[in-house]
Amino acid sequence: MILIRFFLKALQMNSWILILATVTLILSSSYIIYFIEPETFTSPFEGLWWTMTTVATVGYGDVSPTTVSGKIFAMFLYIIGIGLMSIFIGKVIDFFSIRKRLKEEGKLTISTKNHILLINWTKKAAITLDELLKAFEHIQVVIIDEHLPKTPIQHDRVEFVKGNPANTSILEQANILHSKSVMIFSPDDLQTASQADGHTLLIGSMVKGIEKERNKPIYTLCEVTNSAHIKAFAHVNVNEYITANDTAAHLAARSILFNGSSEVIRQLTSNEGYDLYSVPKKPEWKTYEDARKALSKKGALLISNGNDLSIINRLQETIPEDANLFIICNDDSYMDIVS
């Protein structure tokens with residue numbers, strides 16, 4: 001009955017108290033067996049080795065008590081030590097199980113930095129995530145959604161936060177201040193474009209509010225269902241907009257007029273063939289012409305500085321130091337350029 005009560009108390013112990021009790025038992029047992037049988041256990045470390053193999057139920061048998069008092073103490077350790085160690089190991093396993101469940105349910109605070117934040121889980125968000133994971137080997141992604149019961153994908157580079165993304169605490173839980181960029185997708189479940197864009201705009205406003213309050217730039221992209229609403233997004237200083245429906249219609253018209261153009265765009269927006277990349281200015285590139293020639297030798301085509309496509313007509317102009325040059329090339333050429 002005493003042992004049953006002891007182990008029931010141990011099960012209810014605070015984790016730190018249990019750790020302290022286990023460590024105390026192991027260290028004290030190491031010294032006790034050393035003092036009981038100094039001939040067998042020539043040092044406290046030998047006592048620690050025997051104690052650890054005993055309470056861990058490994059029992060190598062390379063060293064063991066030979067006296068009556070030593071064997072009596074060993075029997076005590078079998079009962080108390082193995083029981084306490086079993087409870088300790090069980091608590092550790094429970095801790096990791098609970099942590100895994102909380103992580104899957106999106107209840108843990110994210111510590112990852114320089115990650116991509118995807119807000120609202122939609123079909124387009126799933127395609128974007130798949131593309132990010134395939135195209136960039138080291139990128140970390142965090143998903144925020146208030147409707148998913150748990151993470152939509154099990155991946156070592158994907159984390160999940162459950163909650164309303166228009167809530168500052170949820171955005172901070174996703175470590176938004178240390179994110180690389182934020183992509184807000186238009187919800188699939190809202191009936192009208194105005195409702196969808198209104199929801200996206202609200203989240204974008206919250207993100208930009210955090211940016212202003214903390215004086216930390218947060219690069220924000222928004223999916224806009226109706227291009228007529230872009231002015232509202234510009235008003236809250238959203239960095240970029242993606243108008244999926246308008247883009248699809250424009251691409252369809254171009255494909256009809258210029259057959260095959262849709263395949264070109266598809267390659268540039270997928271992880272197949274040639275793709276779109278950005279590279280910083282290199283010291284030896286003084287003008288756009290210098291950059292164009294150097295990149296061409298590497299198998300890359302220079303197309304713009306940021307969203308400025310007119311550089312093709314200004315090749316002799318000096319490249320700004322903070323230029324963000326967009327190029328078209330395959331993955332091997334890109335790795336060659338950046339390395």
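Why does Thr243 count as buried? In this predicted model, the reason lies in its relative accessibility: at 15%, Thr243 counts as buried, because buried means under 20% relative accessible area. Thr243 sits in the loop that links strand 6 to helix 9 (244–257). Leaving aside its neighbours within four places in sequence, Thr243 is in contact with Val224, Ser227 and Ile230.

**Strand 5 and its parallel partners**

Strand 5 comprises residues 220–223 and is covered on both faces. On one side lie Thr220 and Cys222, on the other Leu221 and Glu223, and all of these residues are buried. In a regular strand, side chains alternate between the two faces of the sheet.

Strand 5 pairs in parallel with strand 4 (residues 181–184), to which 3 bridges join it. In this pairing, Met183 stands opposite Leu221. To pass from strand 4 to strand 5, the chain runs through helix 7 (residues 193–214), and this β-α-β crossover is right-handed.

Strand 5 is also joined by 3 bridges to strand 6 (residues 240–242), again with the two strands running parallel. Here Leu221 stands opposite Glu240. The connection from strand 5 to strand 6 passes through helix 8 (residues 230–235), in a β-α-β crossover that is right-handed. Leu221 thus has Met183 opposite it in the pairing with strand 4 and Glu240 opposite it in the pairing with strand 6.

The strand pairings described in this report for which bridges are counted are listed below.

| Strand pair | Bridges | Direction |
|---|---|---|
| Strand 4 and strand 5 | 3 bridges | parallel |
| Strand 5 and strand 6 | 3 bridges | parallel |
| Strand 8 and strand 9 | 4 bridges | antiparallel |

**The antiparallel sheet**

An open sheet of 3 strands follows the order 7-9-8, with antiparallel pairing. Its edge strands are strand 7 (275–280) and strand 8 (301–305), each of which pairs on one side only. From one strand to the next, the twist averages 35°.

Strand 9 spans residues 324–329 and is joined to strand 8 by 4 bridges, the two running antiparallel. Within this pairing, Leu302 has Ile327 in strand 9 as its bridge partner.

Two helices are associated with these strands. Helix 11 (residues 288–297) lies across strand 8 and strand 9, and runs at about 145° to strand 8. Helix 12 (residues 331–338) packs on the sheet, where it touches strand 7 and strand 9. The direction of helix 12 makes about 5° with that of strand 7.

Definitions and conventions. Residues numbered from 1 in each chain as written. Predicted model: local features only at pLDDT ≥ 70, side-chain atom pairs only at ≥ 80, totals over all residues. Heavy atoms only, no water. Buried < 20%, exposed > 50% of the residue type's maximum accessible area, 1.4 Å probe, protein only. Pairing = 2+ DSSP bridges. Right-handed = clockwise from strand over helix to strand, strands pointing away. Axes fitted to C-alpha atoms, helices over the stretch in contact; angles between N-to-C directions. Contact = heavy atoms within 4.5 Å.
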